[in-house]
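Colleague: I would like a close look at a single part of this model, with the terms defined as you go.

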Amino acid sequence: MKTIKKNGRKIEVVKMKYLTSKEWFDYAPTSKYESWITAINPIVNSINTLQKTEELYTPYRATFCMPKISDYSYTKVQAINKSNNTRYDAMETVITFANGDKVTVSCPIEEANQYTGFYTAIAKYAMGNSNKVNNAADYWINKFPKQKAKTEEKARRLKEQAKNIKRKKERRLQKEREDMEAKRLADKYKIKLIANKKYGVPLDFEP
């Protein structure tokens, strides 16, 4: 037995090696399993704490304990489209676990794949048997690329604007230099005219 402290109380926890063994998992009653989950929470919480790195926070990964599968089916069903209340043919994957949990996923028959349905059902169960897996997939497959493209397009426009501003500034400076040079040559020519008129200095004379 191993003793840990939680809120000032001592909690005895059976050694991790036995608790995670196949023998314990196969024969332990549900109540014992639930007791172990309650007792092990402090350790899992400490495992899931975020470790700060130089650029990001990286979560530690805890092992996901999934019950054994006790039943499986892949059948054709009539599904309902909730948006327009119409029926369509779909393939439904149903997985039942040894602890009584059941997870169901369906897909239009034209797009259905038996392996993909099985993997999706497992992923759905791992994420709490909710629509979280669908939401995550929708975000990373559909929304994220659009957001990324929008962000990249905005960055491209800002970069192009910066280039245009730089080009305008360079053209303005070039024009100022040309105007200054033209003024210098005009002043120089005026001086030559005065020197030629007063002192007879040739206009092509260069000192």
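In what order do the elements of the protein chain run from the N terminus on? After that, please take me through the open sheet of three strands.

Modeller: This is a predicted model, in which local features need pLDDT of at least 70 and side-chain atom pairs count only at pLDDT 80 or more, while totals for chains, interfaces and linings use all residues. Residues are numbered from 1 along each chain as its sequence is written, and side-chain values use heavy atoms, with hydrogens and water left out. From the N terminus on, the elements run β-β-α-α-α-β-β-β-β-β-α-α, that is, five helices and seven strands, where helices (H or I, at least four residues) and strands (E, at least two) are DSSP runs numbered from the N terminus.

The open sheet has the order S5-S6-S7 with antiparallel pairing, and two strands are said to pair if DSSP finds at least two bridges between them. Its edge strands, each pairing on one side only, are S5 (69–81) and S7 (102–108), and the twist averages 20° from one strand to the next, with axes fitted as lines to C-alpha atoms and angles running from 0 to 180 degrees between N-to-C directions. Strand S6 covers residues 86–97 and runs antiparallel to S5, to which 12 bridges join it; as one example, Gln78 has Asp89 in S6 as its bridge partner. In general, strands of a sheet pair through backbone hydrogen bonds, either parallel or antiparallel.

As for the setting of this sheet, 13% of the 207 residues of the protein chain count as buried, meaning under 20% relative accessible area with a 1.4 Å probe, protein chains only.

Definitions and conventions
Buried < 20%, exposed > 50% of the residue type's maximum accessible area, 1.4 Å probe, protein only.
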